[in-house]
Amino acid sequence: MESEKCQCSQYQQYKYNEKSPKTWPELVGLLGDEAAKVIQAEIPNLQIIQIIHPPWALTQDLRDSRVRILVDRFNRVSMPPSIG
């Protein structure tokens, strides 16, 4: 049986490195848009920054090119955003 090569998607272009933060606990309490700007400034080549409003319905797949920002009904970050 011959192994197949991985057909990498466009989202795998960003490669996480050890200098990049994995999570941003200091952003809890900020507005979702403000948190997105901070994350984008720290990692400018990040492919996807999602602001997720309640009720949270999330897929369980992990992507090193994505950050999800979970906000409450007042658009305030309620959990530390993280890569994945």
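N75 counts as partly exposed, at 23% relative accessibility. In this predicted model, N75 is found in the loop between β2 and β3. The backbone at N75 is notable for its phi angle, which is near 65°, a positive value in a residue other than glycine. The value of 23% places N75 above the 20% under which a residue is called buried, and therefore in the intermediate class.

The loop that holds N75 also holds F74, for the place of F74 is likewise between β2 and β3, the latter strand spanning 82-83. F74 is exposed, with a relative accessible area of 54%; because exposed means over 50%, this aromatic residue falls outside the intermediate class that N75 occupies. In sequence F74 and G32 are 42 residues apart, whereas in space their C-alpha atoms are 9.4 Å apart. G32 belongs to helix α1, where it is one of the buried residues.

From this loop the description may turn to the chain as a whole. The chain contains one helix and three strands, and from the N terminus on these elements run α-β-β-β. Of its 84 residues, 27% count as buried. The chain exposes about 6,100 Å², of which carbon and sulfur atoms supply 53%. Among contacts with a separation of 6 or more, 42% are made by residues 24 or more positions apart.

The helix, α1, comprises residues 32-42, and its buried residues are G32, A35, A36 and I39. Seen down the helix axis, these buried residues fall within an arc of 100°, so they line one face of α1. The spacing has a general basis: an α-helix has 3.6 residues a turn, so residues three or four places apart point the same way. The face of α1 turned away from the buried side carries the exposed residues K37 and A41. On the buried side, the helix packs against β1 and β2.

Several of these helical residues recur in the interior. The largest nonpolar core has twelve residues, namely W24, L27, A35, A36, I39, I43, L46, V67, I69, V71, V77 and I83. Two elements, α1 and β2, give two or more residues to this core, and the largest share, three residues, comes from α1. Within the core, A35 offers a local view of the packing: leaving aside residues up to four places away in sequence, A35 touches L27, I69 and V77. Each of these three partners is itself a member of the twelve-residue core.

The loop between β1 (48-52) and β2 (66-70) is where W56 is found, and P55 lies in that loop as well. The peptide bond from P54 to P55 is cis, with omega near -5°. W56 is partly exposed, with a relative accessible area of 39%. Together with L58 and M79, W56 makes a nonpolar surface patch of about 270 Å². The residues of such a patch must have over 30% relative accessible area, a condition that W56 meets because its value is 39%.

The last feature concerns charged side chains. As a general principle, side chains of opposite charge can pair when their charged atoms come close. A search of the whole structure finds two salt bridges. In one, D61 pairs with R63, and the closest N and O atoms are 3.5 Å apart. In the other, D61 pairs with R66, with the closest N and O atoms again 3.5 Å apart. Because these salt bridges share a partner, D61, R63 and R66 are joined into one network.

The members of this network are covered to unequal extents. D61 counts as partly exposed, at 31% relative accessibility, and R63 is partly exposed too, with a relative accessible area of 29%. R66, by contrast, is buried, with a relative accessible area of 3%. The network thus links two partly exposed residues, D61 and R63, to a buried one, R66.

Methods:
Residues numbered from 1 in each chain as written. Predicted model: local features only at pLDDT ≥ 70, side-chain atom pairs only at ≥ 80, totals over all residues. Heavy atoms only, no water. Patch = residues over 30% accessible without salt bridge, like charges linked within 9 Å, V, L, I, M, F, W, Y side chains within 5 Å. Areas by Shrake-Rupley, 256 points an atom, 1.4 Å probe, with all protein chains shown as cover. Salt bridge = Lys/Arg side-chain N within 4 Å of Asp/Glu carboxyl O. Helix = DSSP H or I, 4+ residues; strand = E, 2+ residues; numbered from the N terminus. Buried < 20%, exposed > 50% of the residue type's maximum accessible area, 1.4 Å probe, protein only. Arc of directions from axis to C-beta. Contact = heavy atoms within 4.5 Å. Core = buried A, V, L, I, M, F, W, Y, C linked by side-chain atoms within 4.5 Å.
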